[in-house]
Amino acid sequence: MLSYILKRLAQTVLVLFGITLITFILLNVVPGDPVAMMLDKRADEATIEKVRHEMGLDVPLPEQYINFVKGAVRLDFGKSYFTKENVMDALVRSFKVTVKLAAMSFIFACVIGLTCGMIAAVYRGKWIDSLLMTLSMVGVSAPSFWIAIILQIVIGLKLDLLPISGFDGPLNYILPSIALGTRYAGSIARITRTSMLDVIKQDYIRTARSKGVKEFLVIMKHALKNAMIPIVTLVGTELGYMLTGSMLIEKVFAIPGIGKLAVDGMMNRDLPLLQGTVVYIALVFVIVNLVVDISYAFIDPRIRYGKGGE
Amino acid sequence: MSENLLEVKNLKTYFFTDGGVVKSVDDVSFNVKPGKTLGVVGESGCGKSITSLSIMQLVETPPGKIVDGEIIYNGENLLGKDKDEMRKIRGGEIAMIFQEPMTSLNPVFTVGQQIMEALMIHTDMDKTKAKERAIEMLKLVRIPLAEKRFNEYPHQLSGGMRQRVMIAMALSCNPKLLICDEPTTALDVTIQAQILDLINELKEKLGTSIMMITHDLGVIAEVADDVMVMYAGKIVEYGTADQIFETPMHPYTHGLMNCIPKLNDDNETRLHVIPGMVPSPDRMPKGCAFCPRCSEAKKICEEKMPELIEIDGQKVRCFKYTSEWEEAK
């Protein structure tokens, strides 16, 4: 197991190297000059050159990339072109916001999704199944910003129950968590139902019933553990998306998270900021996937890693 | 208290599908005597598995439903029991083992956990006691290195070993009736014999009654005291094992007997088969269900379903043994 994890982490380095190189190339290929954008076209040649030099943009491109890598290994992504804030500090600051939002949406999505999926599977074909699956379809297809606006209008303005924007206290996070979590809850519900239906018809479920196991435990213990692999795979990816920030939700609720940071970086051709967020996003997905893969071995004893591969 | 452990009376289990009503078990009555083995024989789809699942009330509802009949266990009608009472009977009083040992054990729990679970549901044993008992059961079904196997997962065991685990699990709570649904069909021939010997031996040792469901008359010959032959949801012949093997009456039973290859046949003889197939439920003939495949069928067989009649303690559903036969063309 340990050698497997080390191998996976080594692959991560290659992934990060590739992804930052591509970002670097893309930003240099697409038209638009960060310096010109910063200085708003009024500056003269000398000033531009001076700023270029300060930002390290006057050296050849390969050298720029090498300089970036040199900094990145020390977790130093340089300063944002625009705000002059240290990128690492900006990332940490935004992460603290995003992680709270992600955690709440994640819990919301998992609780609602798993419960609805299991109820739908157990009562397959009954009205409750149709109702839950219709709702989950709506959840999956409705754009999250639309849900966000509806929530703001109904719960925030009309009923005046919760604050509609900002990020001061836990109450502020409730509406954005629901808005962000709804589509994930919908997809978790659907995959839980499918996976449970697949497991419920297996012989060992009949065996469990034949030895007198309570129906609740047949579902919660014997069936759910077997149905977990596809669910965990999906939930892992979704956690990745949540942790890397939702630009739309953050925009609608005025939350300064990772999503906002990424958008700022892109709009301003702010390469250090963008590289920082890209590395962060890639890292999140690599780690989430690794955790998901490792969790397989704990869910299903037939899956073992290590010694001579998988 | 009656002399029978289990009395099934006029059991009817129907499946209500889009294509119509499928009478999987149609008016079936039989008894299981204490400490004896009842063999249930028939081809796939004849209703033998549904009969056993009906006793356990594990028929999937919908589409299946027990529409009529009584299942009297120890003097009490199981069909009148509520869910919780029935749950205590399953595993505790009546246990079941299945055809597919490869898929009948839960892959994500250890063998030990699965046996202990049954014990902790039906007895008041604590974990330590249940573990001792589970290992004792593994030894009883002759699993070598029982302590080590206790902590293993089903995928680490062979098919034969898994079926032994199933037997250990089923018998762990001392059930009075063990229903075996084709317990040896999925196993190698040598392992089959071992498992049958084991079931027989445990029956003697523990006094458990057995309902052995199989399509293999060889298995029946090995274990059964009484035999019930089913065809298309109905009993076609029912008697003691001696009666069935010495004087088979129904043409279908004859056919099944002839299907067993004999070593002293010369090589030129082709394997005997019963021509045709079990009629599909939506094309059930009006008369005797076996009539289209029967070499002796007369016109009367096509027209109406014969009754189950009793001749010298042996029951058979065939016009051959009625007064109508001679008159019929």
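## A tour that starts at a covered strand

Begin by selecting strand 9 of chain B, where both faces are covered: B:Asp226, B:Met228 and B:Met230 are buried on one side, and B:Val227, B:Val229 and B:Tyr231 are buried on the other. Keep in mind throughout the tour that what you have open is a predicted model. Strand 9 of chain B takes in residues 226–231, and six of its six residues are buried, which fits the description of a strand that is mostly covered.

**The neighbours of strand 9**

Now add residues 37–41 of chain B, which form strand 3, and you will find that this strand runs parallel to strand 9 of chain B and is joined to it by four bridges. To see where the two strands face each other, show B:Gly39, which stands opposite B:Val227 of strand 9.

Next, select residues 234–240 of chain B, which are strand 10; strand 9 and strand 10 of chain B pair in the antiparallel sense, over six bridges. One pair to display here is B:Met228 with its bridge partner in strand 10, B:Tyr238. Strands 9 and 10 of chain B form a hairpin with two residues between the strands, and in this hairpin B:Ala232 takes a positive phi near 50°.

**An open sheet in chain B**

Move on to another part of chain B, where four strands make an open sheet in the order 2-1-4-5, with antiparallel pairing. Which strands of chain B stand at the edges? They are strand 2 (20–32) and strand 5 (76–77), and each has a single partner strand, so one side of each is left without a neighbour in the sheet. In general, the strands of a sheet pair through backbone hydrogen bonds, in either a parallel or an antiparallel way.

Within this sheet, select strand 1 of chain B (residues 6–17) together with strand 4 of chain B, and you will see an antiparallel pair held over eight bridges. Among the residues to show is B:Glu7, whose bridge partner in strand 4 of chain B is B:Ile72. B:Ile72 also has a bridge partner in strand 5 of chain B, namely B:Asn77.

Stay with strand 4 of chain B, residues 64–73, which pairs with strand 5 of chain B in the antiparallel sense over two bridges. Here B:Tyr73 has B:Glu76 of strand 5 as its bridge partner. Strands 4 and 5 of chain B form a hairpin with two residues between them, and B:Asn74, in the turn, has a positive phi of about 50°.

**The nonpolar cores**

The largest nonpolar core has 90 residues, and those with the most contacts inside it are B:Ile115, B:Ala168, B:Ala170, B:Met211, B:Met228 and B:Tyr231. Which element gives the most to this core? It is helix 7 of chain B, residues 159–171, with eight residues. If you centre the view on B:Ala170, and leave out residues up to four places away in sequence, you will find that B:Ala170 touches B:Ala95, B:Met96, B:Ile97, B:Pro175 and B:Leu178. Apart from this core lies another, of 57 residues, which includes A:Leu151, A:Leu180, A:Ile188 and A:Ile258.

**Chain A as a whole**

Now colour chain A by secondary structure, and you will find 13 helices and zero strands. The C-alpha atoms of chain A fill a box of roughly 85 × 60 × 30 Å, taken along the principal axes, and buried residues make up 34% of its 310 residues. The domain assignment of chain A gives domain 1 (33–74) and domain 2 (88–263), and the centres of these two domains, taken over C-alpha atoms, are separated by 43 Å.

An unreviewed UniProt entry lists residues 95–296 of chain A as "domain: ABC transmembrane type-1"; this stretch is 83% helix and 0% strand. UniProt's unreviewed entry also annotates "transmembrane region" in chain A, including residues 12–30 and 277–299. Select residues 12–30 of chain A, and you will find 95% helix, with the end C-alpha atoms 27 Å apart; residues 277–299 of chain A are 100% helix, with the end C-alpha atoms 32 Å apart.

**Where the chains meet**

Finish at the contact between the chains, which takes 19 residues from chain A and 24 residues from chain B. On the side of chain A that touches chain B, the elements giving two or more residues are helix 9 (203–210) and helix 10 (215–243) of chain A, and helix 9 gives the most, with seven residues. By class, this side of chain A has five nonpolar, six polar and eight charged residues.

Note on methods. Residues are numbered from 1 along each chain as its sequence is written. Chains are lettered from A and ligands numbered from 1 in the order in which they are written. This is a predicted model: local features need pLDDT of at least 70, side-chain atom pairs count only at pLDDT 80 or more; totals for chains, interfaces and linings use all residues. A residue is buried if 20 or more other C-beta atoms lie within 10 Å of its own, exposed if 12 or fewer, and partly exposed in between; C-beta atoms are placed from the backbone. Two strands pair if DSSP finds at least two bridges between them. Two residues are in contact if their C-beta atoms, placed from the backbone, lie within 7 Å. Ala, Val, Leu, Ile, Met, Phe, Trp, Tyr, Cys and Pro count as nonpolar, Asp, Glu, Lys and Arg as charged, and the others, Gly among them, as polar. UniProt positions are given in the numbering used here, feature names are shortened, and annotations may be inferred rather than shown by experiment. A nonpolar core is a set of buried Ala, Val, Leu, Ile, Met, Phe, Trp, Tyr and Cys residues joined through C-beta atoms within 7 Å. Domain bounds come from an automatic or database domain assignment.
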